[in-house]
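Good morning, colleagues. I should like to take you through two topics today, strand pairing and aromatic contacts.

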Amino acid sequence: YATPVGGRELLTLADGSQTELNTDTVLRVATGTANREVWLDKGEAFFEIRHDAAHPFVVNTGAQRVVDLGTKFTARRNGGLTEVSLLEGRAKIEIAGPMAHSAILSPGDVAVATATHVSVSAKSTQDLADRLGWQRGMLVFRHTPLAEAAENFNRYNIRKIVIAGAGVGQLTINGTFPTNATDLFSRAARDAFGLHVEV
């Protein structure tokens, strides 16, 4: 299954679990086997998994894998980096290979995993809700550097935002914007900081 830039798709899997694919995402699903396994090749997806202790649900993201222990979570793959945000239940994130490592996640935990390391931090309910704004077609920024906000917009749009100058990129912005509202975002940044905007 694949979504285009700016697209979203809701899937119901054979076991009744649901997943929603975010923009520019590719997900492969094992079919015709007892295994409940998917491969997130790129992008981001929200998973609401029906628990089955005898058949764990596994999300593979390259060197990492997320094993469901009955839960709702998001997984985002960006190159060799995987970020998992847990909303409900429990999940385990594992790194395979010679640097094997794992962490058990509780609700509110956000794990960031590379090929060799997993770090876990606790986030507020509001922060987790903000991270899922894309399900409503929105991006939520709270004291977010302009460079990071532009990077988020660029995930959803063919026309890209370029921030010229490191100093400008470090300015922070607050606000909620539709994912396709690059013009609105540009005007808000221009008006808030007196920036020059060029199309």
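**Strand S9 and an aromatic cluster**

Within strand S9, Ala113 is the bridge partner of Thr82. Please bear in mind that this is a predicted model. Strand S7, residues 81-95, runs antiparallel to S9, and four bridges join the two.

S9 also pairs with strand S10, residues 118-122, in the antiparallel sense, here over five bridges. In that pairing, Val112 stands opposite Ser119 of S10. The connection from S9 to S10 is a hairpin of four residues. As for exposure, S9 itself, residues 109-113, is mostly covered, with four of its five residues buried.

I now turn to the aromatic rings. A search of the whole structure returns eight aromatic pairs. Consider Phe141 and Phe177: the ring centres are 6.0 Å apart and the planes meet at 45°, so this pair is classed as tilted. The two residues lie 36 residues apart, Phe141 in strand S11 (residues 138-145) and Phe177 in strand S12 (residues 172-178), and the pair thus links distant parts of the chain.

Are these two rings buried or exposed? Phe141 has a relative accessibility of 4% and therefore counts as buried; Phe177, at 6%, is buried because the cut-off is under 20%.

Phe177 also pairs with Phe185, at 5.6 Å centre to centre and 85° between the planes, in an edge-to-face arrangement. Phe185 is buried too, with a relative accessible area of 2%.

Which residues make up the cluster? Phe141, Phe153, Phe177 and Phe185 together form one aromatic cluster.

Note on methods:
Residues numbered from 1 in each chain as written. Predicted model: local features only at pLDDT ≥ 70, side-chain atom pairs only at ≥ 80, totals over all residues. Heavy atoms only, no water. Buried < 20%, exposed > 50% of the residue type's maximum accessible area, 1.4 Å probe, protein only. Pairing = 2+ DSSP bridges. Phe/Tyr/Trp six-rings, centres within 6.5 Å; stacked < 30°, edge-to-face > 60°.
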